Each structure stands twice: as C-alpha cells, then as structure tokens.
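Please report on the strand pairing and overall fold of the model below. Short sections will do.

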Amino acid sequence: DFVVAATQDDIEYEREKSDEESAREGRKAGSFSEDYLETLAVYRQISTKMLDYDTFMMHGAAIAAGGKAYVFMAKSGTGKTTHINNWLKMIPESFVVNGDKPLIDAKNLLVYGTPWSGKENMNKNTAVPLGGLIILERGEVNEINRITNIRNSISIYS
C-alpha cells in the first residue's frame with residue numbers, strides 16, 4: 001500500500017536520537033551499527049505512515065494472555081521485559097506479541113507484533129485484541145492502581 005526508503009540523512013537522524021538516548025541512560029554513544037540505524041529509520045517511516053491507518057507505534061512490551069494483549073509501558077530499564085518473562089512463566093499459553101515496539105490499531109483496538117522488538121528479539125507476527133495498558137514505575141511498594149483519568153496520567157512521559 002505504500003513504499004518507504006531510508007536516506008543517509010534519515011540514518012544520521014537515528015544516530016543522533018540513539019546517541020541522545022544512550023547519554024540519558026549512561027550507555028556509550030555510537031554503539032549501534034549503521035544497519036541497525038537504517039532499520040530504525042525505516043520503522044520510523046512505517047510508523048509515521050501507519051497513522052493514516054489509525055495505527056501507531058508504542059514503546060512497550062506486549063504480551064498475550066487469555067486472548068488479550070497487555071502492553072507494559074515504561075522508560076528503558078524499568079522492567080518491561082522482566083514483567084513479560086514472569087507472565088510467560090506463570091500464565092499457561094501466554095506469548096510475547098512484541099518486546100519493544102508494537103503497533104496499536106486505535107480504531108479496532110488491536111496490538112500487532114513487529115520485527116522491531118528490542119535486543120531480546122521477542123515477537124510474533126500476530127494481531128491480538130488489546131486487554132490493557134500498564135504503566136510501570138519503580139517504587140518501594142508493589143502495588144497496582146487503576147487509572148481513572150488517562151489525561152492526567154500521560155504526563156509522566158512528558
């Protein structure tokens with residue numbers, strides 16, 4: 001339905017964004033290969049185009065259980081992968097939809113696996129109805145709270 005192509009400028013943009021993220025997370029800048037940066041540039045274009053189809057990319061780890069997908073959202077290093085690995089151990093027949101960057105169909109409330117799935121490369125070529133979005137934060141107490149006002153809760157990512 002559409003074509004994307006990454007230019008050298010697109011790859012350089014991804015290098016700058018990756019280096020900024022590395023600096024924030026205390027990693028060495030320049031640690032990603034040109035090939036990897038090219039895949040990010042392609043995925044950025046795909047994700048931008050998918051907005052025309054009421055679908056967006058979300059930074060989160062998505063797992064399916066009981067016929068529904070649950071997306072764990074948090075800053076890198078907070079424990080998204082740890083949580084989905086625990087679900088895999090504890091919930092029979094659960095599976096990872098995408099470990100890092102699933103697509104979310106906002107119109108039909110579906111979660112799609114993609115090849116852009118993080119360093120663990122956990123993904124499945126599938127679509128699963130969205131069951132919930134979980135925002136993970138580190139804390140002193142293990143607790144879960146239902147969000148009653150999504151608009152006020154989004155500010156944690158600003």
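## Pairing at the β7 strand

Tyr-70 has Gly-132 in β7 as its bridge partner. Val-71 is bridged to Leu-133 of β7. Both residues belong to a parallel pairing of β3 (residues 68-73) with β7 (residues 127-135), which spans five bridges. Two strands count as paired if DSSP finds at least two bridges between them. Strands are DSSP runs of E with at least two residues; helices are runs of H or I with at least four; both are numbered from the N terminus.

This is a predicted model, in which local features need pLDDT of at least 70 and side-chain atom pairs pLDDT 80 or more, while totals for chains, interfaces and linings use all residues. Residues are numbered from 1 along each chain as its sequence is written, and side-chain values use heavy atoms, with hydrogens and water left out.

## The β2-β3 hairpin

Strand β3 also pairs with β2 (residues 61-65). Here the strands run antiparallel, joined by five bridges. Ala-61 stands opposite Phe-72 of β3. The two strands form a hairpin with two residues between them. Gly-66 sits in that turn and has a positive phi of about 60°.

## The whole sheet

These strands belong to an open sheet of seven strands with mixed pairing. The order is β1-β5-β6-β7-β3-β2-β4. At the edges are β1 (55-57) and β4 (95-98), each pairing on one side only. From one strand to the next, the twist averages 40°. Angles run from 0 to 180 degrees between N-to-C directions; axes are lines fitted to C-alpha atoms, for helices over the stretch in contact.

Helix α2 (residues 34-50) lies across β1 and β5 (103-105). The helix runs at about 150° to β1. Contact means heavy atoms within 4.5 Å.

## Overall fold

The protein has four helices and seven strands. From the N terminus on, their sequence is α-α-β-β-β-α-β-β-β-β-α. Among contacts between residues at least 6 apart in sequence, 57% join residues at least 24 apart.

The radius of gyration is 16 Å, which agrees with the value near 15 Å for a compact globule of 158 residues. That radius is taken over C-alpha atoms, and the globule rule is 2.2 Å times the number of residues to the power 0.38. Along the principal axes, the C-alpha atoms fill a box of roughly 45 × 40 × 35 Å.

## Burial

Of the 158 residues, 33% are buried (under 20% relative accessible area, with a 1.4 Å probe and protein chains only).

Notes: Buried < 20%, exposed > 50% of the residue type's maximum accessible area, 1.4 Å probe, protein only.
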